[in-house]
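Student: Could you take me on a close look at one part of this protein? I would like to follow a single sheet and what lies around it.

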Amino acid sequence: MSLFERQGGEQERYLQANNRKLNTMFGYPLIPQISSLAWYTTVIPLMVVLSITAVKDAIDDMERHQNDNQVNNRSVMVLMNGRIKEDKWMNIQVGDILKLRNNQPVTADILLLSSSEPYSLTYIETAELDGETNLKVKHALPVTSNLEDNLELLSAFDGKVTCESPNNKLDKFTGILTYKGKNYILDHEKLLLRGCIIRNTDWCFGLVIYTGPDTKLMQNCGKTTFKRTHLDHLLNILVVWIFLFLGGMCFILAIGHGIWENKKGYYFQNYLPWKEYVPSSAVSAIPIFWSYFIILNTMVPISLYVSVEIIRLGNSCYINWDRKMFYAPHNSPAHARTTTLNEELGQVKYVFSDKTGTLTQNIMVFNKCSINGIVYGRVYDKKGMKVEVPEETEKVDFSYNKLADPKFSFYDETLVEAVKKGDHWVHLFFLSLSLCHTVMSEEKVEGNLVYQAQSPDEGALVTAARNFGFVFHYRTSETIAVVEMGETKVYQLLAILDFSNVRKRMSVIVRTPENRVMLFCKGADTILCQLLHPSCISLRDVTMEHLDDFAIEGLRTLMVAYRELDNSFFQAWSKKHNEACLSLENREDKISNVYEEIEKDLMLLGATAIEDKLQDGVPETVATLNKAQIKMWILTGDKQETAMNIAYACNIFEEEMDGIFIVEGKNDEVVLQELRSARDKMKPESLLESDPINIYLTTKPQMLRIPEEVPNGNYGLIINGYSLAYALEGNLELELLRTACMCKGVIWCRMTPLQKAQVVELVKRYKKVVTLAIGDGANDVSMIKAAHIGVGIHGQEGTQAMLNSDYAFSQFRYLQRLLLVHGRWSYNRMCKFLSYFFYKNFAFTLVHFWYAFFNGFSAQTVYDTWFITFYNLVYTSLPVLGLSLFDQDVNETWSLHFPELYKPGQHNLYFNKKEFVKCLVHGIYSSFVLFFIPMGTIYNSVRIDGKDISDYQSFSLIVQTSLLFVVTMQIALETTYWTMINHIFTWGSLIFYFCILFFLYSDDLCLMFPSVFQYLGVARNTLILPQMWLSIVLSMVLCILPVIGYQFLKPLFWPVNVDKIMDRIHYWMNPPVLPPTQTKLKHASSHRHSAYAFSHVWGFGALITSGKTLNAKRPSAKVRRSQQKEAIDLLSNG
């Protein structure tokens, strides 16, 4: 069974939208009683269209099949008949026992039986599930831990698991294991979920509980639906309009035929006899209705759909070939995994982005610190001025420290000098960092320490202490070993006061080798400031100023403090702590109160500043998207403080904002109050019953499309997943959406994968906008599928997001190029294509309508049947494809410099129902000109030899040639970017027309097949007539002049913002010199943002002190360094 099925819906669309049309075009022309067209006029184009469509769909299906095979054919070790055998993922069944090794992905949801670690602990990384790279621990039941890796015992394992039905709750699992006559309770701590990566564990065995679509990962992926663009929906509506218009014209012409037959045709039956099945003039109108229905159905030719697919395929290839979206470090190009959504890329209004791995590299770097009122980490030039760290700056030399991490970079020599001089406060500061943490260490090779941290922040701080000479070496349940300036010291670990979301700090209590009891604490400055000793006031004020400076730079900050404890005081506190831990009632509250008793009167040491490394170009990309009026929301499973830091660093939140609202209510009443309070500040009138939108929502409950609301300033919103669960219920979802849409940026924290999809669906349901979701992990798959457009990042969290996406690339910064360049071009090209295509076919088809008034409404065609066959398939196909594949109103540089050019697509201004009516009116006018101008020029005209030229075949040739010249000039006016291919396609099509004309009307062909080729000698006799060329010139002038006049007057009398920008671009292009004005990106907010980015759950404190981690190994962590590029030149200020 395919694990990543994606429905190929292209054929579905054709069947739904055009089934009636294909039946009409394919079936009716084969009925001679009602068809005046030859069968090949319809069959040949139809076969070409279906063949091209079939080939394209086959290619798409093959690509999807290859992606499915890539996952399904991964290998895994299975216990079979007492032996370990290698098998494929797709063959795994419930009840199998699997063996997993270190760094191997988990195949299915499995019950952990045993592992190589003490107490059968297994360390996992859940980045694909919740976006976190933090280490988490699972443990097996003691009764199964004894199985270890004994294949005989494992093969004899006959336990029975009774568990809940498959569901999408990642953090919950209930079940019972019945083994050897006893029942054992199972919870999610015993379950390894598919998508996890085994870390720091040589091997583990597990029993398969859920497989394939039943796994919690796949349950969160959401359903796969075929995505259609807004233009597809519009085209389906327009097809219905056209059929109604077509039916109306046919009805009028049928009535005209009945009147003509009754008044004139009845008396000419000797010359024009009625068919035997036609008893009266009224009955004769019925087959005429269907005859005209066949003749006029070219208003929506089937070649439209194959042309649309070719255009989309071409624009998809441009994305695949774009070297500026190629990421060399991973050898990864951009990939358009679908060809049906390109123009939708030019209409995006909301972007939903994951955080970890999408906006960030998830790499924390120790950047600066403040110790005892002195800032370290800044770089100064020769004049003593503070400067940014340039690439050529020499790094600090840590060669004196044999245990230093060679990947660590620091640029301020003064801190190293302070360490070497033995500065007491500096030593105590780094000793605090080397002791106050829950990091695990591993030393596979002597001197090569590898840290496994519960959060990247902790890893960065411990690594910094390591490089400055305070090396965390190893730990047991009761001790911590630190190598201080080359000397190993062992500290007795007395207690770990673990982190929680409420405490926002952690502490350790140790006994030093000198028998002193010390408490070291680190945490959010807002909390620690309240716990400091009064003697630290002056140092606190100085440190707070430093923290403000760090916050302006967008760094993540922590305060560090200590307290020396009296031994008797600690013994009394330890007794209270043990009593609280053993309490059966209100245990957590009692423990928290005990913690507060000892975490007070702290002495301030300083503060740390960590840089959460963003991907290159993320702030610039967000700033550019903001200028394009694209709203960006972050949907993350991470904690609130971390997400806020990233929001400020990315310019989603700004210092100048008028307010940031936090929704964290734990019941629906509180959530409603918080949402309404936010709306009251942003737009007070929105709460009144007289508000237009409230009236709209009340009067039209069945047609809920919430209009845009403009707030009285710039605001931000933060909401957590717990509150969101209430906000998505009942009437609160509208309150939530209205509040969120008024904000410039929204951060959604602690979200499950399913909640991400629910937010996207909420916006889709109530807002008439195009949404885009971008992420890199399996936890993002649900929102990628839910959004109109899904983008997958080739990241470090696996390939599931990419496999379920519509577009994939390696860096977030490529999103601006995908939208503002490829998306805008695709939308503009498709709109030009549709406008021109409808116009040229209206002009072509409606000539028959005027001709009907002069042929007795007999359903005779104006054109040669071969011209009808080739008009859309040959004569006009290449020029419009050239326009749709190569046209650019401005080049890529201007598209990126002026994001405002993107706005028309968001409002679908270039092709809508109004534009379609314009095309129809223009086509009706052109058809009128194309019929009556040739008729007027040859009416009662004779050639030089005196012969009459007003014959049907000559008239037909003049009309069709005039038509081709008019539509060719029309497309020449529409083309703004001429290439050699455009010239060849446009003018070459006219030349090719005349070549085909002489071939089809040649004497040999007409004499050889007189029943098929009937225009003998018409071409050479008609093309020499001055009346023909007069007709062509007059037709072009009369058809083109209104278009030129409208294009000239429109920007003068009905200007839009885009017209003004285009004028500025044209001004700068002559001479073509780009004015190099650079927009300075805003710094992050001066508000401090805590960097205490730990896991969603409590830390490892209890696990460490339990002794279960003794001798547990830790894997190496890959750390990559990348530098920010300079901001792109933004010319919006002109």
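Tutor: Happily; here is a walk along one sheet, a loop beside one of its strands, and a helix that packs on it.

This is a predicted model, in which local features need pLDDT of at least 70, side-chain atom pairs count only at pLDDT 80 or more, and totals for chains, interfaces and linings use all residues. Residues are numbered from 1 along each chain as its sequence is written, and side-chain values use heavy atoms, with hydrogens and water left out.

For orientation, the protein has 39 helices and 34 strands (DSSP runs numbered from the N terminus: helices are H or I with at least four residues, strands are E with at least two). Of its 1134 residues, 59% count as buried (buried means under 20% relative accessible area, exposed over 50%, partly exposed in between, with a 1.4 Å probe and protein chains only).

Now to the sheet. Nine strands form an open sheet with mixed pairing, in the order β13-β34-β33-β32-β14-β28-β31-β30-β29. At the edges stand β13 (335-336) and β29 (659-663), each with a single partner strand, so one side of each is left without a neighbour in the sheet. The partner of β13 is β34 (residues 807-809), paired in the antiparallel sense over two bridges (two strands pair if DSSP finds at least two bridges between them). Within this pair, H335 has A808 as its bridge partner.

Helix α26 (residues 814-845) packs on the sheet, where it touches β14, β32 (770-775), β33 (789-793) and β34. The direction of α26 makes about 140 degrees with that of β34 (axes are lines fitted to C-alpha atoms, for helices over the stretch in contact, and angles run from 0 to 180 degrees between N-to-C directions).

Next, look at the loop between β14 (348-353) and β15 (360-371), where you will find D354. With 1% relative accessibility, D354 counts as buried. Its side chain makes polar contacts with the side chains of T358, at 3.4 Å, and K756, at 3.5 Å (a polar contact is a pair of N or O atoms within 3.5 Å; within protein, one must be able to donate a hydrogen and the other to accept it, and residues adjacent in sequence count only if both atoms are side-chain atoms). Leaving aside neighbours within four places in sequence, the residues in contact with D354 include L635, T636, I774, G775 and D776 (contact means heavy atoms within 4.5 Å).
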